[in-house]
Structures are given as C-alpha cells and as structure tokens.
Amino acid sequence: MIQVECPNCGLRNASEFRYGGEVNPRPPQPLAIGDAEWTDYIYMRRNAAGVQTEWWYHRNGCGTWFLAERDTKTNAVVRTYLWGK
Amino acid sequence: MPNKLLKQALSGQNPARMWRDHDLKDSYDVVIIGGGAHGLACAYYLARHHGLTNVAVLEKRYIGSGGSGRNTTIIRSNYLTPEGVRFYDESVKLYEQMSAEFDFNVMFSRRGHLTLAHTDGAVRTMRRRAEVNQLQGVDSRLIWPEEIKRLCPPIDVSDHPRYPILGALYHPPGGIIRHDAVVWGYAHHADRLGVHIHQLTEVTGIAVQGERVTGVQTNRGFIKTGVVLNATAGWCTTIADMAGVKLPITTFPLQACVTEPLKPFLDVIIVSGSLHVYVSQSDRGELVMGASVDPFASYSMNGSLAFVENLAGHMLELFPGLRHVRVLRQWAGLCDMTPDFSPVMGVTPVAGFLVDVGWGTWGFKASPVSGKRMAELIATGRTPDLIHPFRLSRFYENDLVGEKGAASVGH
Ligand SMILES: Cc1cc2nc3c(=O)[nH]c(=O)nc-3n(C[C@H](O)[C@H](O)[C@H](O)COP(=O)(O)OP(=O)(O)OC[C@H]3O[C@@H](n4cnc5c(N)ncnc54)[C@H](O)[C@@H]3O)c2cc1C
Ligand SMILES: [Zn+2]
C-alpha cells in the first residue's frame, strides 16, 4: 500500500486518508468573471500525468487537510506540507 | 472450417493476419487516436457506413491494451436518465447482432443483470430506474428476495448479513461478452475495408492553426489531417492538452480480479451498489469481480491488496459459500471519470478536433453506439440526436446528464 506522510503524524498507510483532488484555486475575483470561467473552475480539470499538487485529509488520524506533491504516474509522494507553509 | 485448418497446417502457410501493419502515410482524411474498442469501432463505421477509408487509428501500445482489454464486459441499458437509456440501448442491440455482422464469435451472453438494493433509498432508486427504463421500452423491473433467490440460488437473501438484500432491479437483456473479440472484430473489419491500424504509434503533439486542427505529430513522423478524434479514455486529457482543449475529466484506476475456475453456478450478473461489488461467471468458470474506482486519482495501473481485501469481505456477505475460493489474478485499468457519470462526445472549440471520452468505468458497453454515431458526426458534420445530450458544451450550459445512481458501481 502506498504511504502518505501527514505533516502532523508522519508516514501512514494511504487508507487512513481521504483524497481531496488536485489543487484548484478559487477565481481571485469571483464577481468579475463570467459563467464560462466559473464552469472552468467548477468542472474542468488539469488531470496532470506527472507531479501534481493535491489535497489530502487525515480522516482516521489528526483530521488535518494538507497538501501533497505526488507523481500520478508512479504514486511517489514528493513532499507534503501544510497550507501556507 | 476443419478443411481450411488442415490445408493451412499441411501447407505450412500462416493464416491471414487479422489486421496488417502499414507504413505511416503523410496524410489521412481522419486520424483516430486510441486503439481501443471506441477508436476501432469509429474507424469501422466510417468505412462501413460512410465509405471513408483513408483513416488511421494510432495506438501507442497494442490495440486493446487500455480499458478495452481490461474491463469486466458488462453490457446493459438500465440507466437512470431517458437520454442514457436510449443511448446504451442502441449499443446493446448492436452487440446482439455483432457475431453475425462480423462472422466472428464475440461470445455475447445475454444472461440477466441484477442490481441489488440493501436500503429503502436504493429500492426507491431502483423503482425509478425501472419506470424510466420501461418508458423507453427496455425490459427492466423491480423484484423481491424470493425471485432473486430463484434466479440466483447461491445468494444469501436472509436477514443475517449486515445489509440484508431488500430487492433488486432485474434487467434480463444484460449480458457479458469477450472484450478482446470485440476489439479484434472491429480491427479486422476496419482493416479489410482499408483503414490503417498503426500500433506502437504514439501521438506526441497536435498541430492547430487558427483554432483548426492541421495535423498530428507521432513518434513515427508527422501526419497531415483535418479531422482528429481523441478516443484515449484514461489518457484523454493528455491528448486534449496538446490541442489546447479543456475537459471535465479526472483519471482514476479501476481494479478487477478473477478467482480460480469453478463449476458453473452463477448464470446472472450480480451488482451491489451499497456493497460496492459486482460479479459474473465467465465461460472458463472464473468469477470475474470488481468494485468502484480506487480512492485517489492516478495513471498507475498497479493493483492493491486493499482492493482484494475489501472486495472479498463484501462478496462473502452475498455468497458465503465462496469462503474457500482463491483469487487467481488481479489487474487495473484507467478510467476517465466525469462529474455526471456520462460520457463527453462530439465537437470541441477547436475545429476538427473531436472527442469520444469520459467513458469512466462504464464505457465498454457503449463502443458500438459511440463508434457508429461519432462516425456519423464525422461524415455528415451534424451531431446525431442520440449523442447530443453528451456534448462537451453541456457543462457550460448547465445541462448535465446525471447517471451516478446507475453507473458508479454497476459499470
Ligand atoms: C477493471 C475495469 C472494469 C470495467 N468494467 C466495465 C464493464 O463491465 N462494462 C463497461 O461498459 N465498461 C467497463 N469498464 C470501462 C471500459 O473498459 C472503458 O470505458 C472502455 O474500454 C474505454 O474504451 P476506449 O476504447 O475509449 O479506451 P481504451 O480501451 O482505454 O483505449 C484507449 C487507447 O488509447 C491509447 N493511447 C493513450 N495515449 C495515446 C497516445 N498518446 N497515442 C496513441 N495512443 C494512445 C491507449 O494505449 C489505449 O489503448 C471497465 C474498466 C476497467 C478498467
Ligand atoms: Zn495526521
């Protein structure tokens, strides 16, 4: 099983976590953009084949949401860190 | 047939190849990326129905190496929306006549499909699906534990399991097929009609000039073309990126496994949405089993022990008698998941760049209808009514086709 390093708890089995999807920042000026840009934000995905930054949630652990950089082709986790760090 | 076999054996000549290799031409009228059942079906119908034969299918590995050779082959049309039911029903009908059309046994086995309900909510969904299905003329009805037990004697319909079986959606036309045979059948007939199938040919770039496709770059050279169809399922966003087209798609692995062969004992397909498992028995006697997609997005096709463990636990709730049966092998394929569990088919903002993607965990059953209808779109320039609901622009028009209740586990 692949393991993911929670910034609080250390290396744990992936089954302890919930995957939260690729990082998809909110449009910085929500009122200034049109429907098409909102659709892009809500539905369209990069779906990177390679290293992507994504959300993970330590569901069966400390309950923290954090970020991971993971290679989606190999599942190797490059690094994990807390938001803003 | 035996004479032909004998003649070949004695003459030392190999039988004719099912499909042949060709040099890559520097231009084609239509280039289809992806040698799965979808890409090959589209090529076949382009040639067969529309006389378009200057067509290339480009496949980076070997044909059927993607989801088309890895799926669990469930074919059915008991979906949740009228648009979905109509669409998949045309596919079931095309599958029913496929062996005759190809003069090649694709081993379609119509055996009945049961989607179990273990909660009141699930029973309500099944009732709704049955009504929608019947309105579209599809054989589908709600049945209760007594009839389930009659159709499937080894199943536990008692109140012992944690989630007892309350009812099921019964769909007699549902069946299974030999997936490789479907791929080979389309490839063979497309080849005989003049289509070029290029294996070990990877697309690395797409040339776009002024919002219009002009060609495709491959590891074997550049091809000039005005029409490109992206039929690469789990890899479809990598191709769409090359054309600058955005897709609402995320790639998740889906695993499956088979047990050692058993004597025939299960002649229906059993699916449980609540337990996230499904099973059918193949002609070889193996139980073909699967579940829902892996818990995180990935392009890796590695299997996991967690998958087999979960699946086995749930399977034993349904069939306690399988306690001593061993798993023989497991594998994974990539699924191009969409937000509404419906496919994405048709034109894109880039002229000449079309998509037949978003097949997720449910797309094998749609290969014939999508091949046929995408060929019609390419040949006539008009989107057929049957696939119009699945256009890419539906996301911009807030007109989704929600099939989660019928597609997330049942495939
Ligand atoms: C375990 C499993 C079980 C499933 N069970 C069912 C089921 O019971 N019923 C059902 O209906 N569906 C099922 N599915 C889904 C089904 O397998 C797929 O939706 C379907 O096979 C997609 O077919 P396709 O031809 O579009 O894509 P694929 O068969 O995946 O073909 C895409 C091809 O594109 C090629 N390609 C990718 N990138 C490039 C490139 N750059 N250049 C050239 N070629 C490229 C790939 O090598 C691949 O061969 C299942 C899937 C899996 C994984
Ligand atoms: Zn933690």
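Both faces of strand β4 of chain B are covered in this predicted model. On one side lie B:His113, B:Thr115 and B:Ala117, on the other B:Leu114 and B:Leu116, and all of these residues are buried. Because five of the five residues of the strand, which spans residues 113–117, are buried, β4(B) is largely enclosed by the rest of the structure. The strand has pairing partners in β6(B) and β14(B). With β6(B), residues 167–171, the arrangement is antiparallel and comprises five bridges; within this pairing, B:Leu169 of β6(B) stands opposite B:Thr115. With β14(B), the pairing is parallel and rests on four bridges, and here B:His113 has B:Ile269 as its bridge partner.

Strand β14 of chain B covers residues 269–272 and includes B:Ser272. This serine has a relative accessibility of 0% and therefore counts as buried. The side chain of B:Ser272 makes a polar contact of 2.8 Å with the side chain of B:His118. Beyond its neighbours within four places in sequence, B:Ser272 is in contact with B:Leu116, B:His118, B:Val277, B:Leu318 and B:Val409. One of these contacts, B:Leu116, belongs to the buried residues of β4(B).

Elsewhere in chain B, B:Met18 is placed in the loop between α1 (2–11) and β1 (30–33). In contrast to the buried B:Ser272, B:Met18 is partly exposed, with a relative accessible area of 29%. When residues up to four places away in sequence are set aside, B:Met18 touches B:Phe104, B:Trp184, B:His188, B:Asp191 and B:Arg192. The C-alpha atom of B:Met18 is separated by 8.4 Å from that of B:His189, although the two residues are 171 residues apart along the chain.

Chain A contains one helix and six strands, arranged from the N terminus as β-β-β-α-β-β-β. Its C-alpha atoms fill a box of roughly 40 × 25 × 20 Å along the principal axes. Of the 85 residues in chain A, 38% count as buried. Among contacts in this chain with a separation of 6 or more, 42% are made by residues 24 or more positions apart.

A zinc ion (ligand 2) is coordinated by the SG atoms of A:Cys6, A:Cys9 and A:Cys62 and by ND1 of A:His58, at 2.0 to 2.3 Å. The angles among the four donor atoms run from 104 to 123°, and the site is tetrahedral. For four tetrahedral donors, the ideal angle at a metal is 109.5 degrees. Along the chain, the donors of the zinc ion (ligand 2) follow the spacing C-x2-C-x48-H-x3-C. A:Cys6 lies in strand β1 (residues 3–6) of chain A, whereas A:His58 lies in the loop between β4 (51–57) and β5 (65–71) of chain A, so the pair ties together parts that are 52 residues apart in sequence. Both of these donor residues count as buried, A:Cys6 at 1% relative accessibility and A:His58 at 0%.

Over all chains, the structure holds 22 salt bridges. Side chains of opposite charge can pair when their charged atoms come close. One such bridge links the side chains of B:Lys246 and A:Asp40, with an N to O distance of 2.8 Å. B:Lys246 is part of the loop between α8 (236–243) and β13 (250–259) of chain B, while A:Asp40 is in helix α1 (residues 35–43) of chain A, so this pair joins two chains. A:Asp40 is buried, with a relative accessible area of 18%.

Within chain A, the side chains of A:Arg70 and A:Glu54 form a salt bridge at 2.5 Å, N to O. Since A:Arg70 is in strand β5 and A:Glu54 in strand β4, the pair ties together parts that are 16 residues apart in sequence. Both A:Arg70 and A:Glu54 are buried.

In chain B, B:Glu397 and B:Arg391 form a salt bridge in which the closest N and O atoms are 2.7 Å apart. The two partners differ in their surroundings: B:Glu397 is partly exposed, with a relative accessible area of 44%, whereas B:Arg391 counts as buried at 13% relative accessibility. Further salt bridges with shared partners join B:Glu90, B:Lys372, B:Arg373 and B:Glu376 into one network.

Conventions. Residues are numbered from 1 along each chain as its sequence is written. Chains are lettered from A and ligands numbered from 1 in the order in which they are written. This is a predicted model: local features need pLDDT of at least 70, side-chain atom pairs count only at pLDDT 80 or more; totals for chains, interfaces and linings use all residues. Side-chain values use heavy atoms; hydrogens and water are left out. Buried means under 20% relative accessible area, exposed over 50%, partly exposed in between (1.4 Å probe, protein chains only). A polar contact is a pair of N or O atoms within 3.5 Å; within protein, one must be able to donate a hydrogen and the other to accept it, and residues adjacent in sequence count only if both atoms are side-chain atoms. Contact means heavy atoms within 4.5 Å. Donors are N, O and S atoms within 2.8 Å of the metal (3.2 Å for Na, K and Ca); water is not among the atoms, so sites may look incomplete. Four donors count as tetrahedral if all angles lie between 85 and 135 degrees; four count as square planar and six as octahedral if opposite donors are over 155 degrees apart and all others between 65 and 115; anything else is irregular. Two strands pair if DSSP finds at least two bridges between them. A salt bridge is a side-chain nitrogen of Lys or Arg within 4 Å of a carboxyl oxygen of Asp or Glu.
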